[in-house]
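Subject: Structure handover

Hi there,

Here is the structure I promised to pass on to you. Please have it open while you read, and my notes follow below.

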Amino acid sequence: MPLMQRLGLAGTVRASLALYSTADEVDRLLAALEELLVPALHAPAPARAGDALAELKAARGWEERYRRLMLLGKDLPIMSLAERESAELVPGCESKVWLALRTQDGRLHFAVDSEARIVRGLAALVLAAYDGKTGEDILAFDIDAYFAELDLLKQLSPSRGNGLLAIVRRIRTLAGGSA
């Protein structure tokens, strides 16, 4: 546990290979690792705001929206341990959330990661609205209307809603510093 806490890991999995392990078992392990790791390493860029809204609005009921949010979170690239620095932690979130800013050609690009799957989904939704825009565009974007279209904040627990708003505040603060 101390090592996991130091590395910022919520959990681990251990593969146990021995002389009695068959080649088929090893192949299945490698296939499972590839299935888990390759998509994360080559994850697509976050969806655009309209796409994310359309996807979630098409869901029938909160359970399906929740499931689709979780799927959006799976598309986020996983931040490396080196990127998960304490300076990147977003204050105000119940679960650990890291947010890093990169700029390219005057546009802001964000990397976000969290231990919580639903928070990763919420972060993907926020990135759909903000990633790749200028600081001025981010500050001008009506995030409240974006969330209202989904009736999102009413569906989240207070701690998740506060965490979502903390991510938005952090991005807007970084955008204001670049504007």
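Helix 9 is the element that gives the most to the lining of the largest cavity, with four residues. Please keep in mind that this is a predicted model, so everything here is computed from it.

Let me stay with the cavity for a moment. The count comes to one cavity of 30 Å³ or more, and the space in the largest cavity is about 50 Å³. If you would like to select its lining, pick C93, E94, S95, V119, L122, S159, R160, G163 and L164. Two elements give two or more residues to that lining, namely helix 5 (117-130) and helix 9 (158-178). By class, the lining is made up of four nonpolar, three polar and two charged residues.

Helix 5 is also worth following through its packing, and I looked at two of its partners.

The partner I took up to begin with is helix 4, which spans residues 61-74. The axes of helix 4 and helix 5 are 7 Å apart, and the two pack at an angle of about 80°. Angles of 65 to 115 degrees count as roughly perpendicular, and helix 4 and helix 5 are therefore roughly perpendicular to each other. On the helix 4 side, the contact involves Y66, L69, M70, L72 and G73. These meet R117, I118, R120, G121, L122, A124 and L125 in helix 5. Sorted by class, the residues of this contact are eight nonpolar, two polar and two charged. You will find L122 both in this contact and in the lining of the largest cavity.

The other partner is helix 7, residues 143-150. How do the axes of helix 5 and helix 7 cross, and at roughly what angle? They come within 11 Å and cross at roughly 130°, which makes helix 5 oblique to helix 7. The crossing of this pair is right-handed. Helix 5 brings L125, V126, A128, A129 and Y130 to the contact, where they meet I143, Y146, F147 and L150 of helix 7. The residues of this contact divide into nine nonpolar, with no polar and no charged ones. L125 of helix 5 turns up here as well as in the contact with helix 4.

Happy to talk any of this over whenever it suits you.

Best wishes

Methods
Residues numbered from 1 in each chain as written. Predicted model: local features only at pLDDT ≥ 70, side-chain atom pairs only at ≥ 80, totals over all residues. Heavy atoms only, no water. 1 Å grid on protein atoms, 1.4 Å probe; cavity = no way out; pocket = protein on both sides within 12 Å on 5 of 7 lines; lining within 4 Å. Points joined across faces, edges and corners; volume = space filled by probe spheres on them. Nonpolar A, V, L, I, M, F, W, Y, C, P; charged D, E, K, R; others polar. Axes fitted to C-alpha atoms, helices over the stretch in contact; angles between N-to-C directions. Parallel < 35°, antiparallel > 145°, perpendicular 65-115°, else oblique. Left-handed = near helix turned anticlockwise from the far one by under 90°. Contact = heavy atoms within 4.5 Å.
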